[in-house]
Amino acid sequence: MVGQRPGDEPDDRGELEPRRPAPPSEGASSEPEPIQPPQLDPEQLRQFEQFQQFQDYLRFTESQQQGRMVPATQQGSPPVPPPPHGGQVQLAPPPPPPGPKIKVPRWVKRLAWKLLSALLILIVLIIAGKLAYDHFFPDNSNDNRPASETGGGKYHAHTELSTAPYEAVRSVYDAIAQNAVPMACGRFRDDVQQKFADDLGFADCKVAAETLHTQVTNVNDYAESIFPSQYDPDATSITIDSCAFTIKGGPALGTFVVTKIERNQWLITDHRPGPKTCAPTTAPSSR
């Protein structure tokens with residue numbers, strides 16, 4: 001029949017009637033099924049969340065520029081910087097939580113304070129001792145005075161020298177007689193100690209004093225071989241020849257040059273060799 005469409009059926013009167021859609025079957029829903037989002041792996045999900053945070057940041061900055069109020073959800077979260085060109089948004093890791101505060105026991109504090117106090121007291125004592133030592137035993141290493149005036153050595157820091165020139169020489173004889181080696185060599189200036197040993201034919205002053213002691217036959221006579229004599233009180237240097245005296249009980253020790261130094265002390269600053277046995281002579285008069 002002309003005008004008949006597929007699906008139209010004639011009725012009882014022979015007229016065509018449009019085909020009606022079939023009713024939905026039981027249990028079928030009339031609403032369209034929702035579109036399921038594609039499943040994202042963890043990396044894609046993280047990038048998606050970062051993209052959302054970036055959009056929040058853009059909205060935050062735009063609202064700040066336009067002077068609008070920022071939603072509470074945006075105010076509570078810190079702005080996220082835009083991602084680098086062609087890269088991903090780099091989020092800074094959250095700061096680590098603060099560690100537990102350690103409470104120091106009170107006895108530890110008291111002990112530390114006592115140790116600190118003791119250390120400070122020790123430092124003060126060391127400084128005071130150093131100042132006292134420098135005061136009573138000054139260092140003459142930078143003294144520009146000649147060695148004949150200062151003694152030229154460390155003797156005066158620990159040795160009390162004689163306050164008379166002849167006593168300085170007599171103390172050498174006495175120390176050798178008593179085998180007091182440090183006392184014998186300590187009466188000489190440092191450089192003259194070796195010269196004394198060389199003049200008498202020994203390796204050093206210690207060997208000279210020890211060997212000369214073995215040659216002493218009478219300790220008392222040898223110790224008193226040199227006795228006080230007259231000298232110019234204004235003199236600062238005096239030459240004393242052993243053979244000007246009667247040397248008994250041991251060998252003569254040559255000629256000594258003694259020099260007056262600080263604190264009115266006399267130091268042997270030079271030596272010359274002489275005979276071991278002196279010819280009989282008239283001894284100088286004593287004071």
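Me: In which helix do Asp199 and Lys195 both lie, and how many residues apart are they?

Reply: Helices and strands are DSSP runs numbered from the N terminus, a helix being H or I over at least four residues and a strand E over at least two. An α-helix has 3.6 residues a turn, so residues three or four places apart point the same way. Here Asp199 and Lys195 both belong to helix α7 (residues 190-200) and are four residues apart, about one turn of the helix. This is a predicted model, in which local features need pLDDT of at least 70 and side-chain atom pairs count only at pLDDT 80 or more, while totals for chains, interfaces and linings use all residues. Residues are numbered from 1 along each chain as its sequence is written, and side-chain values use heavy atoms, with hydrogens and water left out.

Me: What links the side chains of Asp199 and Lys195, and what is the distance between the closest N and O atoms?

Reply: A salt bridge is counted where a side-chain nitrogen of Lys or Arg lies within 4 Å of a carboxyl oxygen of Asp or Glu. Asp199 and Lys195 form such a bridge, with their closest N and O atoms 3.3 Å apart. By this rule the count comes to eight salt bridges.

Me: With which other residue does Lys195 form a salt bridge?

Reply: Lys195 also forms a salt bridge with Asp270, where the closest N and O atoms are 3.9 Å apart. Because Lys195 lies in helix α7 and Asp270 in strand β5 (residues 266-272), this pair ties together parts that are 75 residues apart in sequence.

Me: Are Lys195 and Asp270 buried or exposed?

Reply: A residue is buried under 20% relative accessible area, exposed over 50% and partly exposed in between, with a 1.4 Å probe and protein chains only. Lys195 is partly exposed at 33%, and Asp270 is partly exposed at 26%. Asp199 is partly exposed as well, at 22%.

Me: Which side chains in helix α1 meet in a salt bridge?

Reply: Asp56 and Arg59 do, at 2.1 Å from N to O. Both lie in α1, three residues apart, about one turn of the helix. Asp56 has a relative accessible area of 31% and Arg59 has 40%, so each counts as partly exposed. The buried residues of α1 are Gln50, Phe54 and Ser63. Elsewhere, Glu167, Arg170 and Glu224 are linked in a network of salt bridges.

Me: How far apart are the end C-alpha atoms of helix α1?

Reply: The expected span of a helix is 1.5 Å times one less than its number of residues. For the 25 residues of α1 (residues 42-66), the expected span is 36 Å, and the end C-alpha atoms are 36 Å apart, which agrees.

Me: Where is Thr255 placed, and which residues is it in contact with beyond its neighbours within four places in sequence?

Reply: Contact means heavy atoms within 4.5 Å. Thr255 is in strand β4 (residues 255-260). Beyond those neighbours, Thr255 is in contact with Thr239, Ile240, Asp241, Asp270, His271 and Arg272. A polar contact is a pair of N or O atoms within 3.5 Å; within protein, one must be able to donate a hydrogen and the other to accept it, and residues adjacent in sequence count only if both atoms are side-chain atoms. The side chains of Thr255 and Asp241 make one at 3.3 Å. Thr255 is buried, at 11% relative accessible area.

Me: In which loops are Asn179 and Asn264 found, and what is the phi of Asn179 and of Asn264?

Reply: Most residues other than glycine have a negative phi, and most peptide bonds are trans. Asn179, in the loop between α5 (165-177) and α6 (181-186), has a positive phi near 60°. Asn264, in the loop between β4 and β5, also has a positive phi near 60°. Asn179 is partly exposed at 39%, and so is Asn264, at 39%.

Me: How many helices and strands does the protein have, and what share of its residues counts as buried?

Reply: The protein has nine helices and five strands, in the order β-β-α-α-α-α-α-α-α-α-α-β-β-β along the sequence. Of its 287 residues, 26% count as buried. Among contacts with a separation of 6 or more, 60% join residues 24 or more positions apart.
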